[in-house]
Amino acid sequence: MGQNKFKCPICGSKEYEEKIESNGILGPGGSSWVKYYTCYGCSVMFKDVNKFTKKIEKQK
Ligand SMILES: [Zn+2]
């Protein structure tokens, strides 16, 4: 969960959710990573928080 400088360019929400992918192994040898993010407000998917947020700034 992160709330750094995110702001959704579509709905304006400042919260997003991390979707975690794992290799299916529990315990030693298992690992997980963030596969993508979704906006809490509109459920749009994105892979890079900073780049997605900057879409707003470029529109100004
Ligand atoms: Zn949104």
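1. A shared vocabulary first: two strands are taken to pair if DSSP finds at least two bridges between them. Helices (H or I, at least four residues) and strands (E, at least two) are DSSP runs, with numbering from the N terminus. Residue numbers start from 1 along each chain as its sequence is written. Please keep in mind that this is a predicted model, in which local features need pLDDT of at least 70 and side-chain atom pairs count only at pLDDT 80 or more, while totals for chains, interfaces and linings use all residues.

2. On confidence, pLDDT is the predictor's own confidence in each residue, on a scale from 0 to 100. The chain averages 88, and 85% of the residues score at least 70. Among the elements, β3 has the highest mean pLDDT (96), whereas helix α1, residues 49-59, has the lowest (80).

3. Now the overall layout. The chain holds 1 helix and 3 strands, and reading along the sequence gives the pattern β-β-β-α. The strands make an open sheet in the order β1-β2-β3, with antiparallel pairing. Because β1 (16-22) and β3 (45-46) each have a single partner strand, they stand at the edges, and one side of each is left without a neighbour in the sheet.

4. The β1-β2 pairing is worth following in the viewer. Strand β2 spans residues 32-39 and pairs with β1 in the antiparallel sense over 7 bridges. Two bridge pairs help to fix the register: serine 22 has serine 32 as its partner in β2, and glutamate 18 has tyrosine 37 as its partner in β2.

5. On the other side of the pairing scheme, β2 and β3 are joined in the antiparallel sense over 2 bridges. One bridge pair to look for is threonine 38 with methionine 45, the latter in β3. These two strands form a hairpin with 5 residues between them.

6. Which residue in the turn of that hairpin has a positive phi? It is serine 43, in the loop between β2 and β3. Its phi is near 65°, a positive value in a residue other than glycine. For burial, the scheme counts other C-beta atoms within 10 Å of a residue's own, with C-beta atoms placed from the backbone: 20 or more is buried, 12 or fewer is exposed, and anything in between is partly exposed. Serine 43 is partly exposed because 13 other C-beta atoms lie within 10 Å.

7. Cysteine 39 is a good residue to inspect within strand β2. Is cysteine 39 buried or exposed? Cysteine 39 counts as buried because it has 22 C-beta neighbours inside 10 Å. For the chain as a whole, 7% of the 60 residues count as buried. Contact here requires that the C-beta atoms of two residues, placed from the backbone, lie within 7 Å. Leaving aside neighbours within four places in sequence, cysteine 39 is in contact with Cys8, Cys11, Ser13, Tyr16 and Val44. Cysteine 39 and glutamate 18 are 21 residues apart in sequence, with 9.0 Å between their C-alpha atoms.

8. Tyrosine 36, also found in strand β2, is partly exposed, since 13 other C-beta atoms lie within 10 Å. Setting aside neighbours within four places in sequence, tyrosine 36 is in contact with Lys19, Met45, Phe46 and Lys47. From C-alpha to C-alpha, tyrosine 36 and glutamate 21 are 8.7 Å apart, with a sequence separation of 15 residues.

9. What does helix α1 offer at threonine 53? Threonine 53 lies in that helix and counts as partly exposed because it has 18 C-beta neighbours inside 10 Å. Not counting residues up to four places away in sequence, threonine 53 touches Lys5, Phe6 and Lys7. The C-alpha atoms of threonine 53 and lysine 14 are separated by 9.6 Å, with their positions 39 residues apart along the chain.

10. A last point on the contacts across the chain. Among those between residues at least 6 apart in sequence, 39% join residues at least 24 apart.
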